[in-house]
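Student: I would like a close look at a single part of this model. Please keep it brisk.

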Amino acid sequence: MRAYPLFRGSRLYLGLVAAVWGCGDETQSLTAPTLPAAATAAPLVFEQLSAGREHTCGLTTDDRAYCWGRNANGQLGDGTTTPRLTPVAVAGGLRFRQISAGFWTTCGVTTDRRAYCWGLNESGQLGNGTTTQRLRPVAVAGGKRFRQLDTDLEHTCGVSYPDDLVYCWGSNRRGEIGDGTTTQRLTPTPVAGSLRFQRVTVGYEHSCGLTSGQLVFCWGMNRDGQVGDGSQMWRKLKPVQVSGNRQYRSVDAGANYTCAVTTGLRAFCWGDDLFGALGNGGATGSSTVPKAVVGGLSFERVSAGLFHTCAETPLNLVYCWGSNGLGSLGDGTTTDSQSPVAVIGGHNFSQVSANDFHTCGRTPAGVGYCWGSGLSGELGNGGTSNSSAPVPVAGG
């Protein structure tokens, strides 16, 4: 059943939160942990973690992909639809350099820069020319090589190698493909224009990219100002530059908002401010232009989710802000915050990933921790309980 279109719009977001906090129906098939074959093997040392909606994936230092959590659509890539409470290896033996866990889909770039995706495919977000769900990685059509890619609700985008162009595929109702149309694309389609990008990121129905000149451009849905050009035009079918003419070092698209870090290490966010996701202290609410995150902290990278955001300081400390009803801020409480709060536990994190209701981070030593919603096993610690503080991923 295609339930996720109901999640669009702030009022309906509130209904989603109430439903998730108020019931446990997602756990009905999780009565017993399913241990991966590698549980007794060498410890998992993570190079990257990526939080999806109800699942998480990670890459180890030997370039292998592992996933855990909800698996109803095959988003764990192990050839089954069995939920996993601890990491299980992605099938196929591929070696990856980067991975992105989306809504009910996962995509990755292999060490030879080929793109593969698996999981839900109703809108063509796997990019293989079909709308058929896949339980194992399938190659994205066209044979292009990619530096990096990102997937979320119903579309995926990637930066090509070596020419640094952005290609997108999947749903295009709001112009999130960026090709000047609203035509669904089942295979990689070039974004309009001749901009060269370092990185691309996708939200629910919008996309953004960081250019080689350190500028941010966005396209797609703009009802909440998530494109950041100062307007609330319903949608932008081609890339437009974010207001302010600042230079940025990183950008990440949340569900209906976007955050970025400038070359001066200051965080800015724009779009939907539901639950304080913009981190502006509630001073402005939702915004069509970038607004500074309050607190004066320096950040290197930022990760935007559904209603909450997390960012890493140069000293490998993590601060989060926004929705916290399931503990996704990791500060030991379930109290929402409109300004950054420190993640507790005394851990240093060299990379963090926030998504719908949980967050995961990797320490400099490669140990994985997750916090927030654990109802589908997305924390990877063998249980289905929520946690308002970081808990270690099993196998580390």
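Student: Leaving aside its neighbours within four places in sequence, which residues is Thr334 in contact with?

Tutor: First, the ground rules. This is a predicted model, with local features needing pLDDT of at least 70, side-chain atom pairs counting only at pLDDT 80 or more, and totals for chains, interfaces and linings using all residues. Residues are numbered from 1 along each chain as its sequence is written, and side-chain values use heavy atoms, without hydrogens or water.

Now Thr334. Beyond neighbours within four places in sequence, Thr334 is in contact with Asn324, Gly325 and Gly327. Contact means heavy atoms within 4.5 Å. Thr334 sits in the loop between β23 and β24 (337–342). Strands here are DSSP runs of E, at least two residues long, numbered from the N terminus.

Ser387 is 53 residues away along the chain, yet its C-alpha atom is 9.4 Å from that of Thr334. Ser387 leads to a sheet, since β28 covers 387–392. That sheet is open and has four strands, ordered β25-β26-β27-β28 with antiparallel pairing. Two strands pair if DSSP finds at least two bridges between them. β25 (351–354) and β28 are the edge strands; each has a single partner, so one side of each lacks a neighbour in the sheet. From one strand to the next, the twist averages 15 degrees; axes are lines fitted to C-alpha atoms, and angles run from 0 to 180 degrees between N-to-C directions.

The partner of β28 is β27 (residues 368–372). Three bridges join these antiparallel strands. In one of them, Cys370 is matched with Val391 of β28.
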